Amino acid sequence: NGWLVLSTLLVAASYAAAADISVNCDRGQSLSRAISVLPRGTANTITVQGTCTEYLQIRGLENLKVRGTTGARLVQPPVDPGRPCLALGALTIDASRSITIEGLSVQASTTDTCSSAVFVNNGSSDIRVRGVTVTGGDQSFCVAHNSQVSLAGVVGRDPIWATVGVFD
């Protein structure tokens, strides 16, 4: 009985502890996988190395910092031209709060009019983007549906339509 209580307390403590995770995509690691195992209800930091070819979706999270090391990139996977048009970014921040993206290059397709490099959506607030280069996408950086974003040192390149789009 005492062992069960102790093990329950240890598991609860591990969920409350903040995580500082390093992800090296050049070694086959995944940002999405790292985010899926983060403890909830505490501040977490993910440091990114290499080129991550994946869609990264930050949904319903709070107090997360994603920090790129020199040369770190998030690249949208190849797009199937027959897929339905979805509002999606190589990096999507959805219904989240207190998120910082720092020092990461984000690249979307330069021909797919259905995607953005970064898409912030659904009432996300206190989103801070610092020292980020965004390339491609219909809009390189898209903010929609009552979201709040602060941009500093952001460079936009080669959008199909606009570097920054803000919609509600």
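**Exercise 1. The disulfide**

What is the handedness of the disulfide of Cys25 and Cys52, and why? Determine the answer from the predicted model.

*Solution.* Step 1: establish which bond is concerned. The search of the whole structure yields one disulfide. Its partners are Cys25 and Cys52, whose sulfur atoms lie 1.9 Å apart. This distance is within the 2.5 Å required for a disulfide.

Step 2: consider the torsion. About the S-S bond of Cys25 and Cys52 the torsion is about 85 degrees, so this disulfide is right-handed.

Step 3: place the two residues in the chain. Cys25 belongs to the loop between β1 (20-24) and α2 (31-36), while Cys52 belongs to strand β3 (residues 51-53). The two cysteines are 27 residues apart, and the pair links distant parts of the chain.

**Exercise 2. Cysteines and accessibility**

Classify Cys25, Cys52 and Cys142 as buried or exposed.

*Solution.* Step 1: recall the cut-off, namely that a residue under 20% relative accessible area is buried.

Step 2: apply the cut-off to each residue. Cys25 has 9% relative accessibility and therefore counts as buried. Cys52, with a relative accessible area of 1%, is buried. Cys142 has a relative accessible area of 5% and is buried.

**Exercise 3. Salt bridges**

How many salt bridges are counted? For the pairs of Asp94 with Arg59 and Arg97 with Glu62, state which strands are linked; then describe the pair of Arg128 and Asp126.

*Solution.* Step 1: the count comes to four salt bridges. Three of these pairs are examined below, beginning with Asp94 and Arg59, whose side chains meet at 3.4 Å, N to O. Asp94 lies in strand β7 (residues 88-94) and Arg59 in strand β4 (residues 56-59), so the salt bridge ties together parts that are 35 residues apart in sequence. Asp94 counts as buried at 12% relative accessibility, whereas Arg59 counts as partly exposed at 46%.

Step 2: turn to Arg97 and Glu62, which form a salt bridge of 2.7 Å, N to O. Arg97 is found in strand β8 (residues 97-102) and Glu62 in strand β5 (residues 62-68), 35 residues apart. Arg97 counts as partly exposed at 41% relative accessibility, and Glu62 is partly exposed with a relative accessible area of 41%.

Step 3: examine Arg128 and Asp126, whose closest N and O atoms are 2.6 Å apart in their salt bridge. Arg128 counts as partly exposed at 24% relative accessibility; Asp126 is partly exposed with a relative accessible area of 37%.

**Exercise 4. The nonpolar core**

Which residues have the most contacts inside the largest nonpolar core, and with which residues is Leu64 in contact beyond its neighbours within four places in sequence?

*Solution.* Step 1: the largest nonpolar core has 34 residues. Those with the most contacts inside this core are Ile46, Ile58, Leu64, Leu91, Ile101 and Val106.

Step 2: take Leu64 and set aside its neighbours within four places in sequence. The remaining contacts are Ile35, Leu38, Asn44, Ile46, Ile58, Ser98, Ile99 and Thr100.

Step 3: relate this to a general tendency. In soluble globular proteins, nonpolar side chains tend to be buried together.

**Exercise 5. The aromatic pair**

What arrangement do Trp161 and Phe167 adopt as an aromatic pair?

*Solution.* Step 1: the count comes to one aromatic pair. Trp161 and Phe167 form this pair, with 6.2 Å centre to centre and 25 degrees between the planes.

Step 2: planes under 30 degrees apart count as stacked, and the pair of Trp161 and Phe167 is stacked.

Step 3: at 56% relative accessibility Trp161 counts as exposed, while Phe167 is partly exposed at 36%.

Methods: Residues numbered from 1 in each chain as written. Predicted model: local features only at pLDDT ≥ 70, side-chain atom pairs only at ≥ 80, totals over all residues. Heavy atoms only, no water. Helix = DSSP H or I, 4+ residues; strand = E, 2+ residues; numbered from the N terminus. Buried < 20%, exposed > 50% of the residue type's maximum accessible area, 1.4 Å probe, protein only. Core = buried A, V, L, I, M, F, W, Y, C linked by side-chain atoms within 4.5 Å. Contact = heavy atoms within 4.5 Å. Phe/Tyr/Trp six-rings, centres within 6.5 Å; stacked < 30°, edge-to-face > 60°.
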